[in-house]
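Student: Could we go through the labels attached to this structure and ask, for each one, what value stands behind it?

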Amino acid sequence: MSNHREVIEHIYQTIKSIDNIGKVAKYIPDLAKVAPSKFGVAYRSIENEEYGIGDWQTKLSIQSISKVLSLSLAYRLLGEDIWARVGVEPSGNAFNSLVQLETDNGIPRNPFINGGAMVICDMLVSHLENPKADFLEYVRDISSCNEISYSASTAKSEEEVGYRNKALCNFIKSFGNIENSPDEVLDFYFHMCSIEMTCQELTKTFSFLAFSNFKTHNGDQVLNLSQTKRLNALMQTCGFYDESGEFAFKVGLPGKSGVGGGIIALHPEKYCLAVWSPRLNEKGNSHRGMKFLESFTTETKLSIF
Ligand code: GLN
């Protein structure tokens, strides 16, 4: 750990001293207000030792990182049936692309592109009594962080300009792969994406996928080992959209990004690392976040490969 602390500090300072390139996501007006200089890193080991640097205790909009959490809840509640409605292949396309859905008859390629996440949201809307409240309770439960919440303003801000997501949801509905009203599913989806967490909270939240000894405060195991393996495999192959291959190539860890500039990555049975820097590359992934993780697995020689 002390060794990792030094590595993190060193990489953090090095990256901070070079150009902060890329663009903050502007298509969601609320995200455009975030200071581009924010930069935080949080580390948590399987022994539950933690370390953080920079803005690691400032809330960020987790955006698509939340898709792993909704998928985990749907998987826990509905088991293998979920794979009849969403695939497990990388799409090789942008996260908000509509093109493959036409030929794929409304079955999204994977649960981390927007369309796939909406199908998972639809399952939760059908299954949960109070979808938004129950989902938040689940997230608070697995993270042991009761302060985690939706941002009503970010959800509203995305809804107001969410033409493409509305098109996606309606398009999938036209194939019969959305059961509920698109408005209801989208309201759940926009709220889910608006969840705010710190980097520190992200490492706590994702411990259930990283550490097989993880239990919630009620003593529950969130997913069984086979389900955990599968979610990590999906993060590895699809977590960064059309940059997933590049992330595996350079970093070599399961992970998930969001357009708020957050990335969570994990090494099963070893550590969880959350990085936040709002400037994104063309694929919508945090520029500094990718650089940081690449340097970390290179210097520590701790990737899964
Ligand atoms: N809420 C965002 C959207 O639907 C999530 C995208 C992302 O983080 N990649 O566009």
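The dialogue below sets computed values against the cut-offs that give each label.

Tutor: Please keep in mind that this is a predicted model, and that a search of the whole structure finds 11 aromatic pairs in it.

Student: Why is the pair of Tyr 75 and Trp 83 called edge-to-face?

Tutor: The ring centres of Tyr 75 and Trp 83 are 5.3 Å apart and the planes make an angle of 75°; since rings pair when their centres lie within 6.5 Å, and planes over 60 degrees apart count as edge-to-face, both conditions are met.

Student: How do you know whether Tyr 75 is buried or exposed?

Tutor: The relative accessibility of Tyr 75 is 0%, and because buried means under 20%, Tyr 75 counts as buried.

Student: What makes Tyr 271 and Phe 296 an aromatic pair, and which parts does the pair tie together?

Tutor: Their centres are 5.2 Å apart, with 75° between the planes, which is again an edge-to-face arrangement. Tyr 271 belongs to strand β7 (residues 271-276) while Phe 296 belongs to helix α13 (residues 287-300), so the pair ties together parts that are 25 residues apart in sequence. Both Tyr 271 and Phe 296 are buried, and ring pairs link these two with Tyr 43 and Phe 292 into a cluster.

Student: What makes Arg 288 count as lying over the face of Phe 39?

Tutor: Arg 288 is placed at 5.0 Å from the ring centre of Phe 39, and the distance part of the criterion asks for CZ of Arg within 6 Å of that centre, so the distance satisfies it; the label also requires a position within 35 degrees of the ring normal.

Student: How do you know that strands β1 and β2 pair, and how do they run?

Tutor: Strand β1 (residues 40-45) is joined to strand β2 (residues 50-54) by 5 bridges, and the two run antiparallel; because pairing needs at least two bridges, the condition is fulfilled. One of the partnerships sets Val 41 against Ile 53 in β2. The two strands form a hairpin with 4 residues between them, and Asn 48 in the turn has a positive phi of about 70°.

Student: Why does the positive phi of Ser 144 deserve a remark?

Tutor: Most residues other than glycine have a negative phi, whereas phi of Ser 144, which is not a glycine, is near 55°. Ser 144 sits in the loop between α5 (131-143) and α6 (152-160). Lys 301 likewise has a positive phi, of about 55°, without being a glycine, and is placed in the segment after α13.

Student: Why is Lys 301 called exposed, and what is Ser 144 called?

Tutor: Lys 301 has a relative accessible area of 70%, and because exposed means over 50%, the label follows. Ser 144, with a relative accessible area of 46%, is called partly exposed.

Student: What makes the contact between the ligand and Tyr 189 a polar one?

Tutor: An oxygen atom of the ligand is 2.7 Å from an N or O atom in the side chain of Tyr 189, and because a polar contact is a pair of N or O atoms within 3.5 Å, the distance qualifies. A nitrogen atom of the ligand is 3.0 Å from an N or O atom in the side chain of Tyr 241, and a backbone N or O atom of Val 259 is 2.8 Å from a ligand oxygen atom. The protein covers 99% of the 300 Å² of accessible area that the ligand has on its own.

Key
Residues numbered from 1 in each chain as written. Predicted model: local features only at pLDDT ≥ 70, side-chain atom pairs only at ≥ 80, totals over all residues. Heavy atoms only, no water. Phe/Tyr/Trp six-rings, centres within 6.5 Å; stacked < 30°, edge-to-face > 60°. Buried < 20%, exposed > 50% of the residue type's maximum accessible area, 1.4 Å probe, protein only. Polar contact = N/O pair within 3.5 Å; in protein donor to acceptor, adjacent residues only side chain to side chain. Areas by Shrake-Rupley, 256 points an atom, 1.4 Å probe, with all protein chains shown as cover.
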